[in-house]
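Q: Please take a close look at one part of this model, and set out how its side-chain contacts relate to the fold around it.

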Amino acid sequence: MRGVTRHSPAPTVDVVLPCLDEADALPWVLERVPDGWRALVVDNGSRDGSPDIARALGATVVSEPRRGFGAACHAGLVASDADIVCFCDCDASLDPGLLAPFAAEVADGRADLVLGRRRPRGRGAWPAHARAGNLALARMLRRRTGLRLHDLGPMRAARREALLSLDLTDRRSGYPLQMVVRASDAGWRIAERDVPYLPRTGRSKVTGTWRGTWQAVRDMSRVLGEGPRGPRGVLR
């Protein structure tokens with residue numbers, strides 16, 4: 001019929017929240033997930049009752065017994081059936097509500113991958129050793145891809161099918177970096193937006209110590225050693 005405007009339905013959004021013993025932080029985090037989004041809490045072997053708390057608060061719980069940040073993130077990606085998938089830490093250092101404009105930017109076609117650049121708020125939000133490791137990796141990433149990025153933080157948004165097409169294989173700390181490297185190789189438009197970074201609840205499982213930071217840097221350095229990939233994710 002002439003004169004009738006048809007509107008496409010709004011894209012569905014899931015937010016993946018990798019979780020290892022985050023019982024104290026979960027209420028704060030889940031309360032801030034945008035209305036209409038599904039929270040996928042990926043339990044990575046918690047012993048503090050985190051899965052039960054997440055379920056009681058309305059989240060969908062995905063179990064990933066294989067330890068590793070990348071293992072938890074990828075399990076959430078695979079479990080999702082949404083158009084757009086967001087990622088956020090589950091330790092109350094980042095507000096998942098801030099992902100709403102990230103998802104909108106992807107939905108509108110202005111970017112293929114939107115990343116959060118962490119801006120510390122409050123004493124102890126970002127320890128010196130973790131910040132130094134992130135800075136070193138960001139510089140290596142610039143040399144590898146030419147992207148003028150400043151942070152490899154966990155807050156990000158992209159379309160689910162596109163993410164799956166990247167064929168991400170890292171299951172440790174290198175997962176976020178591998179996502180950016182392979183997206184860059186595939187010609188994605190990658191944007192970076194500032195987000196406030198708060199002191200986390202509890203101790204970091206990845207970069208809470210110099211040793212943890214060093215291991216994360218090693219994991220990510222291996223990713224940077226991968227050869228460039230073409231648009232279909234095939235090694236050149």
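A: Arginine 119 has a relative accessibility of 29% and therefore counts as partly exposed, a class lying between buried (under 20% relative accessible area) and exposed (over 50%), with a 1.4 Å probe and protein chains only. The model is predicted, so local features need pLDDT of at least 70 and side-chain atom pairs count only at pLDDT 80 or more, while totals for chains, interfaces and linings use all residues. Residues are numbered from 1 along each chain as its sequence is written, and side-chain values use heavy atoms, with hydrogens and water left out.

The side chain of arginine 119 meets that of aspartate 194 in a salt bridge, at 3.3 Å from N to O; the term requires a side-chain nitrogen of Lys or Arg within 4 Å of a carboxyl oxygen of Asp or Glu. This pair links distant parts of the chain, since arginine 119 belongs to strand β5 and aspartate 194 to strand β7, 75 residues apart. Helices (H or I, at least four residues) and strands (E, at least two) are DSSP runs, numbered from the N terminus.

A further salt bridge joins glutamate 105 to arginine 193, at 2.6 Å from N to O. Glutamate 105 lies in helix α4 (residues 100–107) and arginine 193 in strand β7, so this contact ties together parts that are 88 residues apart in sequence. Glutamate 105 is buried at 7% relative accessibility, whereas arginine 193, at 35%, is partly exposed.

As for the surrounding fold, seven strands form an open sheet of mixed pairing, in the order β3-β2-β1-β4-β6-β5-β7, where two strands pair if DSSP finds at least two bridges between them. Its edge strands, each pairing on one side only, are β3 (60–63) and β7 (190–197). Neighbouring strands of the sheet are turned by 25 degrees against each other on average, direction ignored; axes are lines fitted to C-alpha atoms, for helices over the stretch in contact, and angles run from 0 to 180 degrees between N-to-C directions.

Strand β5 (residues 113–120) runs antiparallel to strand β6 (residues 156–159), and three bridges join them. Within this pairing, valine 114 has alanine 157 of β6 as its bridge partner. Helix α7 (residues 175–185) lies across β4, β5, β6 and β7, at about 135 degrees to β5.

Terms used:
Contact = heavy atoms within 4.5 Å.
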